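Student: I would like to learn how to read a single-chain model, from the overall fold down to individual residues. Could you take me through one?

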Amino acid sequence: MITYVNGQFLSKEHAVVSIFDRGFLFADAVYEVTTIINGRLIDFKNHMARLRRSCNELQLLLPFTEDELLTIHQHLIEKNDLNEGLIYLQLTRGNAGHRDFLFPNKTIEPTLVIFTQHASIIENPKAKTGIKVVTCEDIRWQRCDIKTVALLAASLAKQYAYSQGVDDALFVKDGLITEGSSSNFFIVTSDNKIKTRGLSHEILSGITRQAILAFAKEQQLIIEENAFSIEEAITAKEAFMTSATSLVYPIVEIDGQKIGEGKPGLLASRLRNIYIQAMSV
Ligand code: PDD
């Protein structure tokens, strides 16, 4: 596998960063995950717009234009012969040469790392069977709108879900669902309204969320961006989650309780298909 590290294309054995890198020491870093379908980047512009926003929120320097980042992404897709999967980008505040909580007072070069991963996106079995989830307390920090690499809470939540024999976890704050451990969460009400948590510092503004809401609007569906309880989710007609790597996964069970008939919902499957069709033109 060929990776990109600070201006160089390197095999993964040679892809290393310093132990003094602030991404390693303080999670002082942001990231993006972009899907690749048929060798093409999906929603790249929106991912780069969010990256720029994350950087601005943390006063992190992004000394690359969108075109430069696009070129690196395209080289990696080619070099790794990636037809379907994902591409991961991480930008850190750089290597300060020692450990200090304060930002370095002299300008240092940020660290930029990019690599690819093969994955089954379109034909993933989970899209057909749906997934089971459990809820857990949202113990994350108060700026979940910034896509930082501080993902320990998400990792703990996924490990908890795994220990319970299910696929993933939903975060809950003050009795209300915020989002999935690495996805946005939606329900469909008995009168076919789509409900998802509104944007705030408490959730990530998902690129897939944005696309799915736009397609839902085109389909004349009514969308409500409001917080809702676990109870409301469990009694919903359908539930689903969205992310770059899953696109749309129907959710068939929450905390051991079936959603609807316990089968993937029609609307979730329809929105997934519409998204896939739109990507292939
Ligand atoms: N995660 N919410 C959280 C907490 C996420 O980590 C993600 C994405 C999303 C969905 O965002 P998008 O549609 O832009 O992928 C929502 C990525 C895929 C990850 O960490 O692997």
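Tutor: We will go from the whole chain to a handful of residues, bearing in mind that this is a predicted model.

Student: Let's begin with the secondary structure. How many helices and strands are there in the chain?

Tutor: The chain contains eight helices and 15 strands.

Student: How do I read the radius of gyration against the number of residues?

Tutor: The idea is to set the value beside the one expected for a compact globule of the same length. For 281 residues that expectation is near 19 Å, and the chain has 19 Å, so the two agree. As for extent, the C-alpha atoms fill a box of roughly 55 × 40 × 35 Å along the principal axes.

Student: And what share of the residues counts as buried?

Tutor: Of the 281 residues, 51% are buried, where buried means under 20% relative accessible area. The surface the chain exposes comes to about 14,000 Å², with carbon and sulfur atoms supplying 52% of it.

Student: What can I learn from sequence separation in the contacts?

Tutor: Take the contacts between residues at least 6 apart in sequence, and ask what part of them joins residues at least 24 apart. In this chain that part is 71%.

Student: How far apart are the mean positions of the positive and negative charges?

Tutor: They are 1 Å apart, with 29 positive and 33 negative charges in the chain.

Student: Now for the backbone. Which residue other than glycine has a positive phi?

Tutor: One of them is D174, with phi near 50 degrees. D174 sits in the loop that links strand 8 (168-173) to strand 9 (176-180). With 72% relative accessibility, D174 counts as exposed because the cut-off for that class is over 50%. N38 is also not a glycine, and has a positive phi of about 50 degrees. N38 belongs to the loop between strand 3 (29-37) and strand 4 (40-41).

Student: Let's stay with strand 3. Is T34 buried or exposed?

Tutor: T34, which lies in strand 3, is buried, as its relative accessible area is 1%. Beyond residues up to four places away in sequence, T34 touches L41, I42, F44, H47, G85, L86 and I87. A244 is 210 residues away from T34 along the chain, yet their C-alpha atoms are separated by 6.2 Å.

Student: L41 is on that list. Which helix residue has L41 among its contacts?

Tutor: That is H73, found in helix 3 (residues 66-79). Leaving aside neighbours within four places in sequence, H73 is in contact with L41, F44, M48, I87, L89 and I114. L41, F44 and I87 are thus contacts of T34 and of H73. From C-alpha to C-alpha, H73 and L41 are 8.4 Å apart, with their positions 32 residues apart in sequence. H73 counts as buried, at 1% relative accessibility.

Student: How do I read a buried polar side chain? Where does the side chain of T196 find a polar atom?

Tutor: First check burial, then look for a partner. T196, in strand 11 (residues 194-196), is buried at 2% relative accessibility. A polar atom of the T196 side chain lies 2.6 Å from the backbone oxygen of F185. The contacts of T196 outside its sequence neighbours within four places include F185, F186, R209 and L213.

Student: With which side chain does N124 make a polar contact?

Tutor: With that of Y249, at 3.2 Å. N124 is in the loop between strand 6 (111-118) and helix 4 (125-129), and its relative accessible area of 14% makes N124 buried.

Student: What about the class between buried and exposed? Which leucine counts as partly exposed?

Tutor: L25 does, with a relative accessible area of 27%. L25 lies in helix 1 (residues 22-26), and its contacts beyond four places in sequence are I19, F20, H98 and R99. L25 and F101 are 76 residues apart in sequence and 9.1 Å apart in space, C-alpha to C-alpha. L151, in the loop between strand 7 (131-137) and helix 5 (152-163), is partly exposed too, at 38% relative accessibility.

Methods:
Residues numbered from 1 in each chain as written. Predicted model: local features only at pLDDT ≥ 70, side-chain atom pairs only at ≥ 80, totals over all residues. Heavy atoms only, no water. Helix = DSSP H or I, 4+ residues; strand = E, 2+ residues; numbered from the N terminus. Rg over C-alpha atoms; globule rule 2.2 N^0.38 Å. Buried < 20%, exposed > 50% of the residue type's maximum accessible area, 1.4 Å probe, protein only. Contact = heavy atoms within 4.5 Å. Areas by Shrake-Rupley, 256 points an atom, 1.4 Å probe, with all protein chains shown as cover. Lys, Arg positive; Asp, Glu negative; His and termini not counted. Charge placed at Lys NZ, Arg CZ, Asp CG, Glu CD. Polar contact = N/O pair within 3.5 Å; in protein donor to acceptor, adjacent residues only side chain to side chain.
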